[in-house]
Amino acid sequence: MPVVAQGATVSTTAQQGGRLAGPLSASVANLCRRLQTQVSPRTAAGFAQVLRRLGAPLQVAVAGRIKSGKSTLVNALIGRRVAPTDIGECTRLVTRFQYGTVDRIEVVFRDGRKQVLPFAPDGMIPAELGVDIDTVSHIEAYLTNAALQHMTVIDTPGLGSLDAASVARTEHLLRDASQGADAQSWGEGDLGGDLDDGAGGANGAGGAGEAGGADGAGGESDELDETSRNAVAGAEAVLYVMTQGLRADDEQALAAFTAATASREAGPVNAIAVLNKADTIVPETVEGSDGDVWKAATLLARKQADTLKPRVADVLPVIGLIAESAEAGQFTSSDAEALRQVADLDDDVLDVMLLSADMFTSWECDVPNGVRARLLAKLDLYGIRRAVEAIRAQPDITAGALRRLLLDASGLAAVRARLNTVFAARADGIKAAAALASITALAHASGNAAERQRVHDAIEVLLAKPEAHQLRVLEALTLVASGAVEMPDDLTEEVLRVGSNADIPAQLGKPDATREELATYALERAGWWRSFASFGATPAQSRVAHVVHRAYFLAWQQLKAPGAGR
């Protein structure tokens with residue numbers, strides 16, 4: 001981390017590193033710049049890091065167990081097959097995919113050195129880097145993809161099993177992390193506590209705190225390696241990848257991973273999950289699926305969402321392999337022609353071939369084995385079946401239309417839409433909240449009481465501004481989601497809904513209501529929460545209730561403003 005001398009000024013362009021997400025991020029950036037001349041060089045250096053992060057795109061870490069299909073999903077989200085999906089040395093490293101004007105790879109070593117490498121001939125990160133990976137910190141991959149202009153994607157090694165000693169250490173660290181669940185407090189306003197209470201152990205201060213998952217029923221445990229912790233410390237949001245075999249300790253594994261993010265605690269504001277490999281679900285094992293694979297996946301995803309609440313905003317089914325093939329340029333006109341050949345086979349032959357992967361590639365038919373193996377590697381049996389059905393229903397369907405059909409069948413569009421709703425639309429609040437957590441931690445770590453108080457007072461001034469209310473909403477959401485403030489179930493659901501959604505109809509739980517209906521309901525709920533804060537709540541609940549009351553009131557004001565949409 002570069003050192004900024006005390007008294008030095010920091011230029012906006014040099015330290016922001018790009019466009020800020022919104023007015024809250026701008027306010028926090030201005031606070032950092034003002035304070036840099038009033039704190040020690042070490043703390044000022046940390047503030048410089050916060051400024052750089054504030055100006056960078058929202059950083060989303062893709063987490064999950066080994067073989068959950070993380071890298072395949074990363075490729076689909078980026079729209080280019082660049083992340084290695086086969087087990088190799090690169091899959092043991094954190095890789096940050098970010099926007100750049102020239103495609104290039106930088107291998108970053110632990111001692112700070114960097115080595116620039118070209119992409120492999122197939123366009124992917126080379127399977128072998130030609131260096132001692134034990135000396136490597138992480139990989140920076142710069143791509144010209146427009147999708148990365150607003151979101152940096154961090155591909156992480158899969159979480160796996162550890163020995164008994166690591167399990168014990170992990171449990172201890174996880175307890176420490178969970179005890180700080182309500183530590184995203186920045187002052188002594190509506191919700192904040194004493195500065196010292198909220199600062200300890202925040203991982204967004206430029207160094208990454210340790211965290212891990214407790215062992216589950218199978219005797220295994222999860223912990224982030226040092227490299228993963230260091231790289232993900234700058235992430236503001238998490239996309240957690242699961243498969244249908246949701247284990248009892250998946251929630252703990254998610255908590256272990258997200259405890260290392262800049263915002264320190266996962267919740268419905270900064271975390272969503274996907275049920276990957278949805279096509280492998282046997283419909284008959286899911287009640288109510290009516291024999292339909294996708295319906296079964298949707299029902300199972302809902303059950304997983306209930307299990308993981310309030311750690312994640314939602315769980316969505318997706319088929320990463322099909323999404324990657326359809327979106328990352330892997331599906332070609334040759335593949336479409338091969339599928340036409342498969343569609344021309346007799347029903348009896350095709351029914352047998354689609355029973356299993358082995359049968360599909362080995363059964364005698366007019367389509368060459370190698371062609372079938374290629375289709376299977378790109379689409380698996382589910383994608384092949386869907387494509388064949390489409391071709392038989394519409395024989396003149398084009399390769400482009402077939403690709404779009406497969407993309408729709410993958411579920412990627414819904415995942416992207418949810419990413420935009422949960423992450424992109426709330427990027428300003430998420431980044432500002434993470435930055436304030438880092439600033440508070442830096443001040444606490446300085447050991448200087450006067451410096452801590454100076455930072456504390458500056459944050460209090462910022463939090464008094466009207467635009468800072470969404471920070472109070474995020475904080476209230478975190479407190480309720482973590483259980484630090486207990487609420488009745490129905491009120492908990494309402495707090496989660498109001499705090500987790502960016503658009504007003506979703507906040508109010510009335511997606512189809514008219515503007516007038518929304519305004520009436522918002523004012524009604526604002527009055528109810530104000531009464532609850534005054535007469536029916538505990539002191540802790542009352543502080544949350546005042547925040548929710550104001551959220552409804554501001555929604556009402558926005559709905560009644562001239563020119564408001566809907």
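**View 1. The whole chain shows an accessible surface of about 23600 Å², and 50% of that area belongs to carbon and sulfur atoms.** Areas here come from the Shrake-Rupley method with a 1.4 Å probe, and for residues only the protein chains shown count as cover. This is a predicted model, so local features need pLDDT of at least 70 and side-chain atom pairs count only at pLDDT 80 or more, while totals for chains, interfaces and linings use all residues. Residues are numbered from 1 along each chain as its sequence is written, and side-chain values use heavy atoms, with hydrogens and water left out. The protein chain holds 23 helices and 11 strands (DSSP runs numbered from the N terminus: H or I of at least four residues for helices, E of at least two for strands). Of its 566 residues, 55% are buried (under 20% relative accessible area; exposed is over 50% and partly exposed lies in between, with a 1.4 Å probe and protein chains only). Take the contacts in the chain with a separation of 6 or more: 76% of them join residues 24 or more positions apart (contact means heavy atoms within 4.5 Å).

**View 2. Nine strands line up in an open sheet with mixed pairing.** Follow the strands across in the order S4-S3-S5-S2-S6-S1-S9-S10-S11 (two strands pair if DSSP finds at least two bridges between them). At the edges you will find strand S4 (114-117) and strand S11 (315-317), each pairing on one side only. From one strand to the next, the twist averages 25° (axes are lines fitted to C-alpha atoms, for helices over the stretch in contact, and angles run from 0 to 180 degrees between N-to-C directions). Helix H16 (residues 412-422) lies across strand S10 (271-275) and S11, and its direction is at about 170° to S10.

**View 3. Strand S1 is covered on both faces.** What lies on each side? Leu58, Val60, Val62 and Gly64 are on one face, Gln59, Ala61 and Ala63 are on the other, and all are buried. In a regular strand the side chains alternate between the two faces of the sheet. Seven of the seven residues of S1 are buried, so the strand is largely enclosed by the rest of the structure.

**View 4. Strand S1 meets its partners S6 and S9 through bridges.** S1 (residues 58-64) pairs with strand S9 (residues 237-242) in the parallel sense, over five bridges. In S9, Ala237 is the bridge partner of Val60, and Tyr240 is the bridge partner of Ala63. Five bridges also join S1 to strand S6 (residues 151-155), again running parallel. Look for Asp155 in S6: this residue is the bridge partner of Val62.

**View 5. Helix H4 (residues 70-78) is mostly covered.** How many of its residues are buried? Nine of the nine are, including Lys70, Asn75 and Ile78. Just after H4 comes Gly79, whose phi is positive, near 85°.

**View 6. Trp528, Trp529 and Phe532 gather in one aromatic cluster.** A search of the whole structure finds four aromatic pairs. In one of them, Trp528 and Trp529 sit edge-to-face, with 5.4 Å from centre to centre and 75° between the planes. Rings of Phe, Tyr and Trp (its six-membered ring) pair if their centres lie within 6.5 Å; planes under 30 degrees apart count as stacked, over 60 as edge-to-face and the rest as tilted. Are these two tryptophans buried or exposed? Trp528 counts as partly exposed because its relative accessibility is 35%, whereas Trp529 is buried, at 0% relative accessible area.

**View 7. Two arginines lie over aromatic faces.** Arg80 is over the face of Phe119, at 5.1 Å from the ring centre. Arg104 is over the face of Tyr142, at 3.9 Å from the ring centre. A charge sits over a ring if NZ of Lys or CZ of Arg is within 6 Å of the ring centre and within 35 degrees of the ring normal.

**View 8. Asp134 sits in the loop between S4 and strand S5 (136-143).** With a relative accessible area of 55%, Asp134 is exposed. Leaving aside neighbours within four places in sequence, Asp134 is in contact with Arg92 and Arg110. Asp134 and Phe109 are 25 residues apart in sequence, and their C-alpha atoms are 9.0 Å apart in space.

**View 9. Thr492 belongs to helix H20 (residues 489-500).** Thr492 is buried, with a relative accessible area of 17%. Apart from neighbours within four places in sequence, Thr492 is in contact with Val480 and Met487.
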